[in-house]
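Trainee: I am new to this structure and should be grateful for a close look at one part, the pairing of strands in a sheet. Please go strand by strand, and then place that part among its surroundings in the chain.

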Amino acid sequence: MGWGDDTGRAPLAEDNDGSPALNRSYKTNFLSFQSPSSAGSHPAPTLMPDSGPSLFAFSTFEARRPSPSDASLALALDTTEAYEPQAITAAEALQNFYGALTKLNAGRRSGAAKIVHLGGDEIVDDRFAGALREHLTSRFGNAGRGLMLPGLYPVRGMKIDRGGAWSLASAASSASGPFGLSGVRVTSAASDAWLRFTSAETAFDWVEASFMTGPQQGTVAISVDGEMKLVPTRAPNVSQTSIRIMAKAREVTIRPRGDGEVTMLSLTTGTQTPGIVYSNAGVPGATAMTLGKWSRDFAANDLKKLDPDLVILSFGKKEGFDDDLDIRDYEARLRLTVEQIKSAVPGASLLLIGPPDAARLPTFSGSGGAQVCRALNPQEIAGYTRLLGRGNERLGRWHAPPRLEAVRSAIRRTAAASGAFYWDWAKYMGGHCSIHAWTTVNPPLAAPDHFTLTEAGNLRSARALFAELMAGFDGYQRLAAAKAAPTPQAATLVIAAPPKAAAKKRR
């Protein structure tokens, strides 16, 4: 079973708008929540939506399943807590990554230590991931920006401009594939359209651009600091092609030549110096299930080219706000995705991040409810759908939706089953309703919507994860040193000879 293949599997829910699920339920026929705050929101892309026909026959998912009964919800949540495996320490789970860092520290690695971070809204705009990258590159060196989405949202260290008409397709929306690891593609056939990537930091030593090929595709002009190369992307079948240009430069411009569509999948830059290359692909509105829309060959090829020492997955918050989510199906598909990643890059360590704490406030809550946050009790969980649908004041307060913790447990179990390290973001924050406290500190660490972390909240969270990763690295080094130390040989027992008898005195 490959990426993008739904044969024999139950249909999944899919979001058609691709926007973050801020403090709302998907069952809008009878549930109503207060509108989220706009604080912390990212700028909306100005690209046109993908409204053209599908270029390839890829599976799509059903828009929505019927709501489960209260009894089935309680059973699903009870099931998620029935088995909690032994957690794997960072020193054990991240050995391959820590081995790469050890060689980097010792000057025995000529290339970079590479990280690939996949996620949804938490890493869009390079917020949490960008802060974590800066910590890692400050300690181990910066070997380049890595893979970037093709001209969508701001990324740290790179200025992105665009002009002309470009259409956008995202795996987090209803658009069909193909999609590579970035989860998006941008297309234009206009000769006056352009994309420009300018390094705001140091120059890069090479750049690699990835494009889709096919019968409708044309020629793309790639300029690297003014030096232009023409790349044909027309081919009999839909596939993928990449071109790497070795040149010390700071700017890359992509232009269609006007003889067909140009569809860009990603751009990657790097240097020849040792250090960290941290590639992150955060797609707005994406969930762990969005990865199921990857095109198998595209994603596998991207992963193999990036050759990561560490793959990070951070999903779960949006799923946790979906009251229709089938937890068992979710966990099964998450495990399949993790196994596919391991198959593509078997030498990479895995880090799974649980979703941060978040909460919702129903619109029927009184003014006093807006000041209170309290976790759901077992009775409220068991009757959640009924109570919420009737506007029962028992739920008239800030609270985490019942499936958020269930999703967290599914990710934790998946990490243990796959030998990955699990970082509990919500536990670091303080557990249930910690998001409420994060909204009231100065400066605020979370927005008033109780869903979005502020820049300060992301910076603090990234610093905490970096500290935990480095504590694991120290533990790994101590363990490696102990294994490398020579085993002391058993001391040889030397028996002293008895003293010679004193010579008899001469008479």
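**A sheet and its surroundings**

Mentor: Let us begin with one pair of residues: Arg162 stands opposite Leu195, a residue of strand 7. Please keep in mind throughout that the model is a predicted one. The pair belongs to the contact of strand 4 with strand 7, where six bridges join the two strands in the antiparallel sense. Strands of a sheet are held to one another by backbone hydrogen bonds, and the pairing may be parallel or antiparallel.

From strand 7, which covers residues 194-199, the pairing continues to strand 12, residues 251-256. These two strands also run antiparallel, with four bridges between them. One such pairing sets Phe197 against Val252 of strand 12. Strand 12 in turn pairs with strand 9, residues 219-224, through five bridges, again in the antiparallel sense. Here the bridge partner of Ser223 is Thr253 in strand 12.

Taken together, these contacts belong to an open sheet of five strands, whose order is 4-7-12-9-10 and whose pairing is antiparallel. Its edges are strand 4 (158-163) and strand 10 (227-232), each of which pairs on one side only. From one strand to the next, the twist averages 15 degrees.

A loop with an unusual peptide bond may be considered next. Pro178 is located in the loop that connects strand 5 (167-170) with strand 6 (184-188). The peptide bond from Gly177 to Pro178 is cis, and its omega is near 10 degrees. A second cis bond joins Asn442 to Pro443, with omega about 0 degrees. Pro443 is located between helix 12 and helix 13, in the loop that links them.

Helix 13 leads to a helix contact. Helix 13 (residues 455-484) packs against helix 4 (residues 128-140) at about 40 degrees, and the axes are 8 Å apart. The two helices are therefore oblique to each other. The crossing of helix 4 with helix 13 is right-handed. On the helix 4 side the contact includes Phe128, Leu132 and Phe140, and on the helix 13 side Leu459, Phe466 and Phe473 are among the residues met. The residues of this contact divide into 11 nonpolar, three polar and three charged. In the loop between strand 2 (113-119) and helix 4 lies Asp125. Asp125 is a residue other than glycine with a positive phi, near 65 degrees.

A further helix pair is formed by helix 7 (residues 327-344) and helix 10 (residues 402-418), whose axes come within 10 Å and cross at roughly 35 degrees. This crossing, too, is right-handed. Among the residues in contact are Tyr330 and Leu334 of helix 7, together with Ala406 and Ile411 of helix 10. The division here is nine nonpolar, two polar and six charged.

Finally, there is a covalent link to note. Cys373 and Cys433 form a disulfide, with their sulfur atoms 2.1 Å apart. Because Cys373 lies in the loop between strand 16 (349-353) and helix 8 (378-382), and Cys433 in the loop between helix 11 (425-429) and helix 12 (434-440), the pair ties together parts that are 60 residues apart in sequence. The link is left-handed, with -80 degrees about the S-S bond.

Conventions: Residues are numbered from 1 along each chain as its sequence is written. This is a predicted model: local features need pLDDT of at least 70, side-chain atom pairs count only at pLDDT 80 or more; totals for chains, interfaces and linings use all residues. Side-chain values use heavy atoms; hydrogens and water are left out. Two strands pair if DSSP finds at least two bridges between them. Axes are lines fitted to C-alpha atoms, for helices over the stretch in contact, and angles run from 0 to 180 degrees between N-to-C directions. Angles under 35 degrees count as roughly parallel, over 145 as roughly antiparallel, 65 to 115 as roughly perpendicular and the rest as oblique. A crossing is left-handed if the near helix is turned anticlockwise from the far one by less than a right angle, and right-handed if clockwise. Contact means heavy atoms within 4.5 Å. Ala, Val, Leu, Ile, Met, Phe, Trp, Tyr, Cys and Pro count as nonpolar, Asp, Glu, Lys and Arg as charged, and the others, Gly among them, as polar. A disulfide is a pair of cysteine sulfur atoms within 2.5 Å.
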